[in-house]
Amino acid sequence: MDFDSKIKQLEEEIRRTQKNKATEKHISLLLAKIAKLRREKLKMELKKGGGGGFDIPKTGDARVVLVGFPSVGKSSLLTALTGKESKIGYYAFTTVSVIPGILEYKGAQIQILDLPGIIDVNRGRGREVLSVVRTADLILLVVEANAVEKQYQALVNMLHQVGIRLNREKPDIRISKRDSGPMKIFNRSNLSEDVILGVLNENGIRSADVYIGPNVDFQDLIDSLDDSLVYIKSILVINKIDIIEDINSLKNKYPEAVLVSSFMSDTLEQLKNKIYEKFEFIRVYTKSWKGDISTEPLILKRGARILDVCKAIHRDFEENFKYALVWGKSVKYPGQKVGLNHVLEDMDIVQIYVE
Ligand SMILES: Nc1nc2c(ncn2[C@@H]2O[C@H](COP(=O)(O)OP(=O)(O)OP(=O)(O)O)[C@@H](O)[C@H]2O)c(=O)[nH]1
Ligand SMILES: [Mg+2]
């Protein structure tokens with residue numbers, strides 16, 4: 001029997017089962033089984049994808065991908081944002097491979113990938129496109145202003161099907177397996193211990209220390225056992241706002257979205273800014289022992305420490321580190337002496353002393 005029919009059979013069984021306290025555990029086991037089958041199916045399918053102009057090396061400080069139906073204006077946006085030419089056409093599937101461009105913004109180099117349009121996971125090059133999407137640090141879901149609802153939902157569903165979770169944190173669950181001994185569960189959630197044990201058992205975990213955070217639900221528990229899932233930030237980009245009359249109602253309906261037109265440069269500036277904000281980059285300047293301050297900042301993620309500055313400069317800096325002096329928002333007074341774990345802020349200046 002193939003994956004799909006096995007999954008169907010289990011779903012049937014769930015439908016037939018009376019839902020009450022007594023059957024709760026049984027149902028969660030069936031759900032865990034389904035999740036396991038889906039996972040195996042996805043792993044097999046992902047193996048098939050890749051190659052053929054789709055494997056582009058990562059460059060720059062972060063990777064953004066443009067995902068959407070054919071002809072929504074992805075290539076037009078790539079060109080408008082990065083200056084990189086990507087064929088633009090009024091017909092569907094103009095783009096047939098991955099086209100990379102670089103957006104330079106506030107000192108950050110952001111790689112943007114233009115992808116072929118997708119209409120379904122299993123049609124055309126859907127799988128290959130989606131396996132590139134999995135490698136992104138940020139996904140731009142590009143939809144047309146006159147078809148937002150339909151396209152947005154379809155895209156989210158497609159991404160979900162291939163194990164991409166949008167704008168969600170990894171569930172707050174930690175499992176450290178042991179070779180022997182009983183299961184030790186520290187459960188702060190509302191899930192019953194019976195259900196947790198059942199699901200873990202079903203996944204071959206019989207001896208482990210397990211922590212379940214307060215906000216974890218059943219889906220999170222299942223997801224946490226699936227190492228093929230990826231958690232990626234996304235922005236809804238509504239393109240072609242020049243073709244519709246009522247922009248305000250779109251704004252009200254999708255307050256998180258960025259409304260753009262490939263032909264209106266002010267809207268593209270807003271998009272650049274939103275992309276930059278999503279990454280929560282900070283700019284850190286370095287000061288040499290002579291006292292010169294670097295002209296180009298290091299681009300680091302928010303929460304970065306002195307340690308990350310060392311790593312970005314040279315491996316030896318971490319090993320031979322003595323102390324650092326910092327000027328800027330993260331310190332109480334200019335030139336304060338700090339250690340490797342000091343957390344930096346945007347626009348800080350750092351001078352590192354090594355042995
Ligand atoms: N009115 C309007 N048309 C646009 C806008 N952006 C792109 N277009 C047009 O939409 C058509 C498709 O643009 P592309 O950039 O090729 O779209 P795509 O999403 O890359 O399409 P595929 O590569 O086929 O998936 C072209 O005729 C563009 O000129 C926009 O903001 N407004
Ligand atoms: Mg295109």
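How many helices and strands does the secondary structure of the protein chain come to? In this predicted model, the count is eleven helices and 15 strands.

**Figure 1. Overall view of the protein chain, a predicted model.** The C-alpha trace spans about 75 × 60 × 40 Å along its principal axes. The chain has 355 residues, and 46% of them count as buried. Among contacts between residues at least 6 apart in sequence, 64% join residues at least 24 apart. The chain is divided into three parts: domain 1 (3-48 + 169-224), domain 2 (62-163 + 229-279) and domain 3 (281-354). Domain 1 and domain 2 are thus each written as two segments, whereas domain 3 is given as one.

**Figure 2. Close-up of the interface of domain 1 and domain 2.** The C-alpha centres of these two domains are 34 Å apart. Seven residues from domain 1 and eight residues from domain 2 take part in the contact. Together the two domains bury about 620 Å², and carbon and sulfur atoms account for 65% of this area. Helix α2 (residues 24-48) supplies three residues, the largest share of the side of domain 1 that touches domain 2. Zero salt bridges are found across the interface of domain 1 and domain 2. The count of residue pairs in polar contact between these domains, with both residues at pLDDT 80 or more, is also zero.

**Figure 3. Close-up of helix α9 (residues 265-279).** Helix α9 has 15 residues. From its first C-alpha to its last it reaches 22 Å, close to the 21 Å expected at 1.5 Å a residue. The buried residues in α9 are Thr267, Leu268, Leu271, Lys272, Ile275, Tyr276 and Phe279. An α-helix has 3.6 residues a turn, so residues three or four places apart point the same way. Leu268, Leu271 and Ile275, all on the buried list, can be followed along the helix in this view. Just after α9, glutamate 280 takes a positive phi of about 50°. Residue 279 ends the second segment of domain 2, and domain 3 is assigned from residue 281.

**Figure 4. Close-up of glycine 124 in the loop between β3 and α4.** The flanking elements are strand β3 (108-114) and helix α4 (126-133). Is glycine 124 buried or exposed? Glycine 124 counts as exposed because its relative accessibility is 74%, and the cut-off for exposed is over 50%. Phenylalanine 93 is 31 residues away from glycine 124 in sequence, and the two lie 9.5 Å apart in space, C-alpha to C-alpha.

Terms used
Residues numbered from 1 in each chain as written. Chains lettered and ligands numbered in written order. Predicted model: local features only at pLDDT ≥ 70, side-chain atom pairs only at ≥ 80, totals over all residues. Heavy atoms only, no water. Helix = DSSP H or I, 4+ residues; strand = E, 2+ residues; numbered from the N terminus. Expected span 1.5 Å × (residues − 1). Buried < 20%, exposed > 50% of the residue type's maximum accessible area, 1.4 Å probe, protein only. Domains from an automatic or database assignment. Contact = heavy atoms within 4.5 Å. Buried area = accessible area lost by both parts, 1.4 Å probe. Salt bridge = Lys/Arg side-chain N within 4 Å of Asp/Glu carboxyl O. Polar contact = N/O pair within 3.5 Å; in protein donor to acceptor, adjacent residues only side chain to side chain.
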